[in-house]
Amino acid sequence: MSTATNNAIAGPVVIVEDADQLGASAHQRLTSWGASAVRLTAPDDDELRQYLRDDTAAVVVLSRDDIVALRYALLVEHLRPGIRLIVTIFDHTTGQAVRDAVPNCTVLSMPDTIVPSLLSSPDQGLARSAATR
């Protein structure tokens with residue numbers, strides 16, 4: 001494991017997920033990189049507050065429901081203003097509203113996360129397919 005990877009995440013990461021439990025993959029990836037991560041499935045305000053300690057490095061909100069994601073993003077910002085926050089929001093208008101309300105928030109939609117991976121290697125995926133047509 002590289003030193004850069006270890007220094008990139010200085011404390012635990014809290015993964016907030018809804019009942020769809022989309023956080024398993026993120027949790028697995030974070031822990032495989034040596035980060036400390038905890039998954040909270042549909043936490044109430046008090047449970048979330050307990051995990052937003054001073055040493056918490058970031059919060060990731062994963063939900064297919066934009067309203068649920070919006071609620072958790074605003075709650076996290078209320079409970080721990082300024083904490084690094086990454087949220088999945090599918091509707092671009094809602095995503096922009098979250099960016100405006102929570103400046104320390106990175107909002108990602110599925111296309112935001114999928115397309116760069118598909119196009120990153122010219123000898124794989126869509127880039128290769130498009131070139132051979």
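**Stop 1: the largest nonpolar core**

Start by selecting L48, V59, V61, L85 and V87 in this predicted model. Within the largest nonpolar core, which has 20 residues, these five touch the most other members. Now colour the elements that give two or more residues to this core: β1 (13–17), β3, α4 (66–79), β4 and β5. Keep an eye on α4, as the largest share of the core, five residues, comes from this helix.

Next, centre the view on V61. Leaving aside residues up to four places away in sequence, V61 touches V16, A69, Y72, L85, I86, V87 and T88. Show those side chains together and you can follow the contacts of V61 one by one.

There is also a second, separate core, made of eight residues. To find it, select V13, A35, V60 and L62, which are among its members.

**Stop 2: T88**

One of the contacts of V61 is T88, so give that residue a closer look. T88 sits in strand β4. Is T88 buried or exposed? Its relative accessible area is 18%, and because the cut-off for buried is under 20%, T88 counts as buried.

Show what surrounds T88: not counting residues up to four places away in sequence, T88 touches V61, L62, S63, A69 and L108. Then draw a distance between the C-alpha atoms of T88 and A69; you should read 6.8 Å, although the two residues are 19 apart along the chain.

**Stop 3: the largest pocket**

Now turn to open space. The largest pocket holds about 790 Å³. Select A26, V60, L62, I86 and L108 to find the lining residues closest to the centre of this pocket, out of 25 that line it. Some of these names are familiar: V60 and L62 also belong to the second core, I86 is a contact of V61, and L108 is a contact of T88.

Which elements give two or more residues to the lining of the largest pocket? Colour α2 (24–32), β3 (58–62), β4 (84–88), β5 (105–108) and α6 (110–119) to see them. Of the elements, α2 gives the most to this lining, with four residues. If you colour the lining by class, you will count 16 nonpolar, six polar and three charged residues.

**Stop 4: the largest cavity**

How many cavities of 30 Å³ or more does the structure hold? There is one, and the space in the largest cavity is about 30 Å³. To display its lining, select I89, D91, H92, G95, Q96, R99, V107, L108, S109 and D112. L108 appears here as well as in the lining of the largest pocket.

Two elements give two or more residues to the cavity lining: α5 (92–101) and β5. The most come from α5, with four residues. By class, the lining has three nonpolar, four polar and three charged residues.

**Stop 5: zoom out**

Finally, switch to a cartoon of the whole chain. You should find seven helices and five strands, and from one end of the sequence to the other they follow the pattern α-β-α-β-α-β-α-β-α-β-α-α.

Colour by burial next: of the 133 residues, 33% count as buried, and T88 is one of the buried residues. Among contacts with a separation of 6 or more, 56% join residues 24 or more positions apart. Last of all, turn on the surface. Its accessible area comes to about 7900 Å², with 53% belonging to carbon and sulfur atoms.

How values were computed: Residues are numbered from 1 along each chain as its sequence is written. This is a predicted model: local features need pLDDT of at least 70, side-chain atom pairs count only at pLDDT 80 or more; totals for chains, interfaces and linings use all residues. Side-chain values use heavy atoms; hydrogens and water are left out. On a 1 Å grid over the protein atoms alone, a cavity is a set of points where a 1.4 Å probe fits but cannot get out, and a pocket is an open set with protein on both sides within 12 Å along at least five of seven lines; lining residues have an atom within 4 Å of a point. Grid points are joined across faces, edges and corners, and a volume is the space filled by probe spheres set on the points. Ala, Val, Leu, Ile, Met, Phe, Trp, Tyr, Cys and Pro count as nonpolar, Asp, Glu, Lys and Arg as charged, and the others, Gly among them, as polar. A nonpolar core is a set of buried Ala, Val, Leu, Ile, Met, Phe, Trp, Tyr and Cys residues joined through side-chain atoms within 4.5 Å. Buried means under 20% relative accessible area, exposed over 50%, partly exposed in between (1.4 Å probe, protein chains only). Contact means heavy atoms within 4.5 Å. Accessible areas come from the Shrake-Rupley method with a 1.4 Å probe; for residues, only the protein chains shown count as cover.
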